[in-house]
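Trainee: Could you take me slowly through a single part of this model and then show me what surrounds that part?

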Amino acid sequence: MDLFLQQTVNAFALGGTYALLALGLAMVFSTMGLINFAHGELMTIAGYILMACGLAGVPFAFSILLAIAAAVLAAVVMERIAFRPVRNASGATMLVTSFAVSMILQVLFQNFISARSQAVLVPEILSESVRFGGLVIGVNKIAAIATTIVMLIFLDRFMKHHRIGIAMRAAAEDFSVARLMGIRANTVIAGAFALSGFLAGVAAVLWVSQRASVDPLMGFTPVLKAFIAAILGGLGSLRGAVAGGFLLGFIEIYLAAYLPAGMQEFRDPIALCLVVLVLIFRPNGLIPSPALKAEKV
Amino acid sequence: MSALLSVQSLQVQYGAVQAVRGIDLDVHEGEIIALLGANGAGKSSTLNALVGLAPASGGKIVFSGQDVTGSAPERFTSLGMTLSPEGRRVFGTLSVQENLLMGAYSMRDKAAVKAAWERVFDLFPILQERREQFAGTLSGGQQQMLAVGRALMSNPRLLLLDEPSLGLAPKIVEQIFELITVLRKQGVTLMVVEQNVSMALEIADRGYVMASGRIAASGTAAELRDSETLQAAYLGAE
């Protein structure tokens, strides 16, 4: 029972990070139909800022802010330089553009920083753990879960009550009519990128806090997982992205905990099979995107 | 008297298809203009081109003395021209209130926004009753009211209505036409695309009849009612 609870906490921590990343992907996808594979590099940029701040002796709390700000800035710049020119192009063109951005950034990291993994100075408190009855929970796990909750509440508030949040939902459902209302396409799209950068920055801080290192390919795996989570939840659906992120986190952690030792090698394929199984029964994902429904009517 | 909206040799092209082949029309302050014609005559393309949703491949659009040809759609609400699009297209996953809020998105003046809320709730008490409800759960007639209400939130001088009565029950259709005359009394100029020709000509001052992307006939509503061109336009003859 203790093992189960322990793993559940781990699943929440991992799933929460996936959820934040998947939300960022879903926001950009729902406003402009772009699957942004360069989302991972936003994480990596935030990771390198944490590394640089650590070397420069900047207090950790302050370096978190700088790292997140850098991810937001990078996301907005990315949209302005790379994605705005192809905004009206096909989904495939935008996807390839995002691969190009991702690769260019990876090469830049490799050549100008280092191809090898760099240590990031993380406060020691994060590697300590707290005892709750029979449970031993890492402070970094608690921080990850708490951060995820705060972020989800913040985003929910923003999308429900802020006029730009409401405009983003309107634009996700019907972009032309949103523009007719005077909602500027650039505001909505740059807003979606800024928020996705914010989420990627937060996810990067959580990710790096668990690993205390950063390398040029750091963002690739988590964003690939987040992409799977976004599809599992229903591509373009924000609630779906959160549900998909948590479900994928749970699947991965429980498989790691309960799969027999001899089968651990097949953990990822088994996890993907489970994802496919869910999609067979719910082809549009757990919580399908409203835009998808609108098209069918 | 200079026109509120003046369109000169407007053309709209989608790829190889020319939907509008050079039309001229004028709308004066305070008028109700009916834009009539069979399916595919180019009426919706014309309205969409007026607000920048469809690309004008030629011609000139002047609204309130400003050349607005080729402007982005988001500019028009603040200029005072709004389209309530065909098929209503309310934001189904947003509440009624949020839909209306989006209609007022371009308005900066708080007092004007407040007046717009009052006016819309006054015209459509049902929207106030259902303001928390998702727009997607409203009936067709209520959605149409919401679409018009949303367009009114920006306080337009010229309101373009694309097929406002399409697919609605006769009783609701009557309400919609009555609404159009009420709006005119409130000082809104209207251009209405309608398939219900007789009712449209009953409330309109003037009308234009389109056929295959051209203006086939125009005149006062009374003239058009008696004209044979109108029938010809619907039968597809030129």
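Mentor: Let's look closely at one helix of chain B, and then at the sheet beside it in our tour. Keep in mind that this is a predicted model.

Start with α6 of chain B, which covers residues 140-152. This helix has 13 residues, and from its first C-alpha to its last it reaches 18 Å. That is close to the 18 Å you'd expect at 1.5 Å a residue.

Now, is α6(B) mostly enclosed or mostly open? Count the buried residues: 11 of the 13 are buried, so the helix is largely enclosed by the rest of the structure. To call a residue buried here, we want 20 or more other C-beta atoms within 10 Å of its own. You can follow the buried ones along the chain, starting with B:Gln142, B:Gln143 and B:Gln144. After those come B:Met145, B:Leu146, B:Ala147, B:Val148 and B:Gly149, and then B:Arg150, B:Ala151 and B:Leu152.

What do these buried residues pack against? Among the helices of chain B, they meet α3 (96-103), α4 (110-123), α5 (125-129) and α7 (170-185). They also pack against two strands of chain B, β6 (81-84) and β7 (158-162).

Those two strands bring us to the sheet. In chain B, six strands form an open sheet in the order β6-β7-β8-β3-β9-β10, with mixed pairing. At the edges stand β6(B) and β10(B) (214-220), each with a single partner strand, so one side of each is left without a neighbour in the sheet. On average, neighbouring strands here are turned by 15° against each other, if you ignore direction.

Let's follow the sheet to the β10(B) edge. Strand β9(B), residues 206-211, is joined to β10(B) by six bridges, and the two run antiparallel. If you'd like one pair to find on screen, pick B:Ala211, whose bridge partner in β10(B) is B:Arg214.

Finally, go back to α7(B), one of the helices that the buried residues of α6(B) pack against. Helix α7(B) lies across β3 (32-37), β7 and β8 (189-193) of chain B. Against β8(B), this helix runs at about 155°. So α7(B) gives you a handy link for your picture: α6(B) packs against α7(B) through its buried residues, and α7(B) in turn lies across three strands, β3, β7 and β8 of chain B.

Notes. Residues are numbered from 1 along each chain as its sequence is written. Chains are lettered from A and ligands numbered from 1 in the order in which they are written. This is a predicted model: local features need pLDDT of at least 70, side-chain atom pairs count only at pLDDT 80 or more; totals for chains, interfaces and linings use all residues. Helices (H or I, at least four residues) and strands (E, at least two) are DSSP runs, numbered from the N terminus. The expected span of a helix is 1.5 Å times one less than its number of residues. A residue is buried if 20 or more other C-beta atoms lie within 10 Å of its own, exposed if 12 or fewer, and partly exposed in between; C-beta atoms are placed from the backbone. Two residues are in contact if their C-beta atoms, placed from the backbone, lie within 7 Å. Two strands pair if DSSP finds at least two bridges between them. Axes are lines fitted to C-alpha atoms, for helices over the stretch in contact, and angles run from 0 to 180 degrees between N-to-C directions.
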